[in-house]
Amino acid sequence: MSKPQTPVRPIRLYRYALSGHCHRVELFLSLLGLPMEAVEVDLAAGAHKTPAFLAMNAFGQVPVIQDGECMLADANAILVYLAKRYAERPEQWLPQEPQAAAAVQRWLSVAAGQLAFGPAAARVTQLFKRPDNPEAITRAHTLFAVMEQQLGQSAFLAGSTPTLADIANYSYVAHAPEGNVSLEPYPALRAWLARIEALPRFVPMVKTPIGLAA
């Protein structure tokens, strides 16, 4: 049975436009050329905690996608699903060779760990006017130093071509200045951002004039 190249209907993305987790899914949908229907979830009104939304994701978090009968939550899980189901060459985004697959998985783990608790957390502090979080800024710079070293050796995080590793990490790195995390000390990191932004069908995340981006 051949793998479908396009969904029967547009993939419905339940999102919050200012969320980097949601943007990584929107970005990958666009890179794959897939039709999408965005459904904004009003987090401020608690729409993500309603019984209807919790039926889609018991953790009460965006993003969630609905692809026909498939309902799927968790940004990184969604990336894997989209690559496996719809990418013309799934192995481009998620390699099959063991060492290459592990390299991508490493950076998916970083996206769920150091990225989330570093630059993403620092940005949330500014976005929702919460108390300063200097620990998050420190963690962000620690992460960026490691990424700078890696990107001094390869064009993308897991090798010479873009993979899910790059899609999962791009959004919160690109918007780190909104959390008072400067990208100026990291030329290789900034060059990597530019390479992703040059990919066909790239779509940016909305910018917020906060922190160093004000």
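**Exercise 1. A salt bridge and its surroundings**

Are E178 and R123 buried or exposed? Establish this for the predicted model, then place the pair in the fold.

Solution.
Step 1. Both residues, E178 and R123, are buried.
Step 2. E178 forms a salt bridge with R123, and the closest N and O atoms are 2.8 Å apart.
Step 3. E178 belongs to the loop between α8 (164-174) and α9 (187-197), whereas R123 belongs to helix α6 (residues 114-127), so the bridge ties together parts that are 55 residues apart in sequence.

**Exercise 2. Other salt bridges**

Find how many salt bridges the model contains, and work through the pairs E37 with R12 and R85 with D67.

Solution.
Step 1. The cut-off is a side-chain nitrogen of Lys or Arg within 4 Å of a carboxyl oxygen of Asp or Glu. The count by this rule is six salt bridges.
Step 2. E37 and R12 are one such pair, with the closest N and O atoms 3.5 Å apart. E37 lies in strand β2 (residues 36-40) and R12 in strand β1 (residues 11-15), so parts that are 25 residues apart in sequence are tied together.
Step 3. The accessibility classes for this pair follow from the limits: buried is under 20% relative accessible area and exposed over 50%, with partly exposed in between. E37, at 35%, is partly exposed, and R12, at 30%, is partly exposed as well.
Step 4. R85 pairs with D67, and here the closest N and O atoms are 3.5 Å apart. R85 is in helix α3 (residues 75-86) and D67 in strand β3 (residues 64-67), so the bridge ties together parts that are 18 residues apart in sequence.
Step 5. By the limits of Step 3, R85 is partly exposed at 36%, while D67 counts as buried at 9%.
Step 6. R15, E26 and E40 are joined into one network by salt bridges that share partners.

**Exercise 3. The sheet**

Derive the strand order of the open sheet, and state which strands stand at its edges.

Solution.
Step 1. The open sheet has four strands in the order β2-β1-β3-β4, and the pairing is mixed.
Step 2. β2 and β4 are the edge strands; each has a single partner strand, so one side of each is left without a neighbour in the sheet.
Step 3. From one strand to the next, the twist averages 20°.
Step 4. β1 and β3 run antiparallel and are joined by three bridges. R12 stands opposite Q66 in β3, and Y14 has V64 of β3 as its bridge partner.
Step 5. β3 also runs antiparallel to strand β4 (residues 70-73), with four bridges between them. I65 is matched there with L72 in β4.
Step 6. The hairpin of β3 and β4 has two residues between the strands, and in it G68 takes a positive phi near 65°.
Step 7. Helix α1 (residues 20-31) packs on the sheet and touches β1, β2 and β3. The direction of α1 makes about 160° with that of β1.

**Exercise 4. Two helices with one buried face**

For helices α7 and α5, compare the span with the expected value, then find where the buried residues lie around each axis.

Solution for α7.
Step 1. Helix α7 (residues 134-151) has 18 residues; its first and last C-alpha atoms are 25 Å apart, close to the 26 Å expected at 1.5 Å a residue.
Step 2. The buried residues are A136, A140, L143, F144, M147, E148, Q150 and L151. Down the axis of α7 they fall within an arc of 150°, so they line one face of the helix.
Step 3. T138, T142 and Q149, on the other side of α7, are exposed.
Step 4. The buried residues of α7 pack against α5 (98-112), α6, α8 and α9.

Solution for α5.
Step 1. The 15 residues of α5 should span 21 Å at 1.5 Å a residue, which agrees with the 21 Å between its end C-alpha atoms.
Step 2. V104, W107, L108, V110 and A111 are the buried residues of α5. Their arc around the axis is only 155°, which puts them on the same side of α5.
Step 3. The face turned away from the buried side of α5 carries the exposed residues P98, Q99 and A112.
Step 4. The buried residues of α5 pack against α1, α3, α4 (90-93), α6, α7 and α8.

How values were computed: Residues are numbered from 1 along each chain as its sequence is written. This is a predicted model: local features need pLDDT of at least 70, side-chain atom pairs count only at pLDDT 80 or more; totals for chains, interfaces and linings use all residues. Side-chain values use heavy atoms; hydrogens and water are left out. Buried means under 20% relative accessible area, exposed over 50%, partly exposed in between (1.4 Å probe, protein chains only). Two strands pair if DSSP finds at least two bridges between them. The expected span of a helix is 1.5 Å times one less than its number of residues. The arc is that of the directions from the helix axis to the C-beta atoms. Contact means heavy atoms within 4.5 Å. Axes are lines fitted to C-alpha atoms, for helices over the stretch in contact, and angles run from 0 to 180 degrees between N-to-C directions.
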